[in-house]
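Open the model in your viewer and keep the sequence panel in sight. We will go from stop to stop, selecting residues as we go.

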Amino acid sequence: MMRLALAEARRAAARGEVPVGAVVARQGQVLARAHNLRETARDPTAHAEVLALREAARMAGSWRLEDATVYVTLEPCPMCAGALWLARVARLVYGATDERAGAAGTLYDIVRDPRLNHRVATAGGLLAEEARALLRGFFAGLRREGEA
């Protein structure tokens, strides 16, 4: 599933979007997959996780995704972590940590906050180097373009 999320991240990069991809799966079956579309959609909420959750809820016929696992190439930001919590996602698996905005244990821990009524089981670091390399390459390319 994380390899599918990485493929989505590559699709994002090919469109000039920050390369983050997400997959929502249930019982080993893909419900939805998406990648960042903030620039394309001109929508600050068009993060891979949010787009994948929307499609998964549509496919499942319910906003409650209690038996779903979300695979994402980068640790979710606060908005996306909140969306995972609101969707009652059972499990989150992410690749690279996000030192600047990670909300699944790095900067914040929204998905496992004991004060909330639902906690998302979380595992990070799956194919992290591959996910990190995509992000580094993308931002290095932007810096090179800025120098030209």
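**Stop 1: helix H5.** This is a predicted model. Select Ala-128, Ala-131, Leu-135, Phe-138 and Gly-141; these residues of H5 are buried. Now show what lies around them. The buried residues of H5 pack against H1, E3 and E4.

Next, check the length of H5. The helix has 20 residues, and at 1.5 Å a residue they should span 28 Å. Put a distance line between the end C-alpha atoms of H5: they are 29 Å apart, which agrees.

**Stop 2: the largest pocket.** Stay with H5, residues 128-147. This helix gives the most to the lining of the largest pocket, with 4 residues. The volume of the largest pocket is about 620 Å³. Which residues are closest to its centre? Select Val-18, Leu-74, Asp-98, Leu-135 and Phe-139: of the 21 lining residues, these are the closest. Leu-135 is also among the buried residues of H5. Colour the lining by class. You should find 10 nonpolar, 3 polar and 8 charged residues.

**Stop 3: helix H1.** Select residues 2-14, which form H1. At 1.5 Å a residue, these 13 residues should span 18 Å, and the end C-alpha atoms are 18 Å apart, which agrees.

Which residues of H1 are buried? Met-2, Ala-5, Leu-6, Glu-8, Ala-9 and Ala-12 are. Turn the view to look down the axis of H1. The buried residues fall within an arc of 155°, so they line one face of the helix. Now look at the other side of H1, where Arg-3 and Ala-14 are exposed.

What covers the buried residues of H1? The cover includes strands E1 (21-26), E2 (29-35), E3 (68-74) and E4 (91-96), along with H5. Then step past the end of H1 to Gly-16. Its phi is positive, near 85°.

**Stop 4: the loop between E1 and E2.** Select Gln-27, which lies in this loop. Gln-27 is not a glycine, yet its phi is positive, about 50°. Is Gln-27 buried or exposed? Its relative accessibility is 75%, so Gln-27 counts as exposed, because exposed means over 50%.

**Stop 5: helix H3.** Select residues 48-60. H3 has 13 residues and reaches 18 Å from its first C-alpha to its last, close to the 18 Å expected. Its buried residues are Ala-48, Glu-49, Val-50, Leu-51, Ala-52, Leu-53, Ala-56 and Ala-57. Show E1, E2, E3 and helix H4 (78-86); what covers the buried residues of H3 includes these. Just after H3 comes Gly-61, with a positive phi of about 75°.

**Stop 6: helix H4 and the loop after it.** Select Ala-81, in helix H4. Its relative accessibility is 0%, so Ala-81 counts as buried, because buried means under 20%. What is Ala-81 in contact with, leaving aside its neighbours within four places in sequence? Pro-76, Ala-103, Ile-110 and Val-111. Now draw a line from Ala-81 to Ala-103, C-alpha to C-alpha. The two are 22 residues apart in sequence and 6.0 Å apart in space.

For the last selection, pick Arg-88, in the loop between H4 and E4. Arg-88 has a positive phi of about 60°, although it is not a glycine.

Notes. Residues numbered from 1 in each chain as written. Predicted model: local features only at pLDDT ≥ 70, side-chain atom pairs only at ≥ 80, totals over all residues. Heavy atoms only, no water. 1 Å grid on protein atoms, 1.4 Å probe; cavity = no way out; pocket = protein on both sides within 12 Å on 5 of 7 lines; lining within 4 Å. Points joined across faces, edges and corners; volume = space filled by probe spheres on them. Helix = DSSP H or I, 4+ residues; strand = E, 2+ residues; numbered from the N terminus. Nonpolar A, V, L, I, M, F, W, Y, C, P; charged D, E, K, R; others polar. Expected span 1.5 Å × (residues − 1). Buried < 20%, exposed > 50% of the residue type's maximum accessible area, 1.4 Å probe, protein only. Arc of directions from axis to C-beta. Contact = heavy atoms within 4.5 Å.
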